[in-house]
Amino acid sequence: MTQRENYLDLIRSNIEDYGYHLYIVNSPTEPRYAYTIGLTQEIGFELIFAGGIFFMKKEVEKIIHLVAQDLIKTRDTNKIQVLNKSLGSFSLKSVDKSWSKLMMIGALDFYKTDKISSFQLIPDASHYTLDIPDMSVSRGEAKDPVWEYLDKDWTLDVPHNSTITTNLDALKGEPITEVTRWEENEWEMFAGSGNDVSEEEARVVPLGTLLGIDSTLYASIKLSIGKGIWRDAEELIWHEWN
């Protein structure tokens with residue numbers, strides 16, 4: 001049996017046992033995303049959760065499970081999916097085929113089709129981060145720089161697997177005021193003081209995520225290892241650390 005056949009058997013087994021198979025994609029150049037395979041047979045469409053780095057992997061798995069179970073019961077895509085206080089609530093938005101064609105390859109392969117109906121999970125405002133794309137708009141119209149390398153070769157003069165340790169405030173749109181490059185492919189970029197960032201607020205994301213959120217951060221890729229820059233949140237002019 002080939003590797004592909006083994007994987008298809010796993011998908012079928014998960015669908016039989018849980019109602020769907022969950023595919024989580026981690027890329028060095030764009031945000032994490034997760035999508036289902038198998039819900040089409042039950043409710044007529046699949047779910048995809050793109051970005052949303054507010055939530056950790058286990059939370060993403062729980063969110064998709066709770067929403068899927070609710071949809072199986074209600075079949076109501078207009079209803080806000082209320083989960084719990086820590087996870088918040090979610091709404092559903094139809095996904096344009098230009099996104100699903102790029103991101104849901106496993107589902108397309110499983111169903112042997114080039115088009116699949118799917119809905120994007122959108123968290124409420126208090127859990128929303130700027131790595132979440134608007135997948136209802138076609139890729140050609142969206143021009144979402146956070147997801148630029150989803151269908152484009154890496155063009156930056158730094159390693160493609162470069163990562164940034166940052167905080168949720170930055171990922172929600174607060175101005176980044178501190179930047180340090182520690183390794184050839186590792187930076188820290190914080191909104192506010194990095195010393196005040198708790199473990200719960202810290203996140204590690206691809207370099208392209210924050211560059212897509214704030215193009216003024218391109219200055220940081222020219223930093224030498226061990227060097228840093230800072231700026232006032234109001235002034236937004238970069239200065240070298242002394």
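How many residues does the hairpin that joins β8 to β9 pass through? I looked this up at the outset and found that two residues connect β8 to β9 in that hairpin. I note here that the model is a predicted one.

**Entry 1. The sheet**

I next traced the sheet to which these strands belong. It is an open sheet of six strands with mixed pairing, and its order reads β10-β7-β9-β8-β11-β12. I recorded β10 (202-206) and β12 (239-240) as the edge strands, each of which pairs on one side only.

I then went through the pairings. Strand β8, residues 178-183, is antiparallel to β9, and five bridges lie between them. Within this pairing I found Thr180 opposite Glu188 of β9. For β9, residues 186-190, I also looked up the pairing with β7: the two run parallel and are joined by three bridges. There, Thr165 stands opposite Glu188 in β9. I therefore list Glu188 under two partners, Thr180 and Thr165, in keeping with the general rule that strands of a sheet pair through backbone hydrogen bonds, either parallel or antiparallel.

Strand β7 comprises residues 163-167, and its pairing with β10 is antiparallel, with five bridges. I noted one bridge in particular: Asn167 has Ala202 in β10 as its partner.

**Entry 2. Aromatic pairs**

I counted the ring pairs and obtained 13 aromatic pairs for the structure. I examined Tyr33 and Trp147 in detail: the ring centres are 6.2 Å apart and the planes stand at 55°, so I entered the pair as tilted. An angle over 60 degrees would have counted as edge-to-face. Tyr33 belongs to strand β2 (residues 33-37), while Trp147 sits in the loop between α6 (139-142) and β7, so the pair ties together parts that are 114 residues apart in sequence.

Are Tyr33 and Trp147 buried or exposed? Tyr33 is buried at a relative accessible area of 6%, and Trp147 is buried at 0%.

I took Phe55 and Phe90 as a second case. This aromatic pair is also tilted, with 5.8 Å from centre to centre and 40° between the planes. Phe55 is in the loop between β3 (46-50) and α3 (57-74), and Phe90 is in strand β5 (residues 88-94); the pair thus links distant parts of the chain, 35 residues apart. I found both Phe55 and Phe90 to be buried.

I then followed the ring pairs outward from Tyr33. They link Tyr7, Tyr23, Tyr33, Tyr35, Trp99 and Trp147 into a cluster. Trp99 has a further contact: Arg139 lies over the face of its ring, 4.7 Å from the ring centre.

**Entry 3. The largest pocket**

I looked up the largest pocket and recorded a volume of about 200 Å³. It is lined by 14 residues, and those closest to its centre are Asn26, Arg32, Ile53, Val204 and Pro206. Which element gives the largest share of the lining? Strand β10 does, with three residues. By class, I entered six nonpolar, five polar and three charged residues for the lining.

**Entry 4. Two threonines**

I compared two loop threonines by their distances to residues far along the chain. Thr29 is in the loop between β1 (21-25) and β2, and it is buried, with a relative accessible area of 11%. Its C-alpha atom is 7.9 Å from that of Ser162, although 133 residues separate the two along the chain.

Thr77 is in the loop between α3 and β4 (81-84). I classed Thr77 as partly exposed, since its relative accessibility is 22% and buried means under 20%. For Thr77 and Met189, which are 112 residues apart along the chain, the C-alpha atoms are separated by 38 Å.

**Entry 5. Positive phi outside glycine**

I closed with backbone angles. Lys112 is not a glycine, yet its phi is positive, at about 55°. I located Lys112 in the loop between α5 (105-111) and β6 (118-123), where it is exposed at 68% relative accessibility.

Leu236 likewise has a positive phi, near 55°, and is a residue other than glycine. I located Leu236 in the loop between β11 (228-230) and β12. Its relative accessible area is 41%, so I entered Leu236 as partly exposed.

Conventions: Residues numbered from 1 in each chain as written. Predicted model: local features only at pLDDT ≥ 70, side-chain atom pairs only at ≥ 80, totals over all residues. Heavy atoms only, no water. Pairing = 2+ DSSP bridges. Helix = DSSP H or I, 4+ residues; strand = E, 2+ residues; numbered from the N terminus. Phe/Tyr/Trp six-rings, centres within 6.5 Å; stacked < 30°, edge-to-face > 60°. Buried < 20%, exposed > 50% of the residue type's maximum accessible area, 1.4 Å probe, protein only. Lys NZ or Arg CZ within 6 Å of the ring centre and 35° of its normal. 1 Å grid on protein atoms, 1.4 Å probe; cavity = no way out; pocket = protein on both sides within 12 Å on 5 of 7 lines; lining within 4 Å. Points joined across faces, edges and corners; volume = space filled by probe spheres on them. Nonpolar A, V, L, I, M, F, W, Y, C, P; charged D, E, K, R; others polar.
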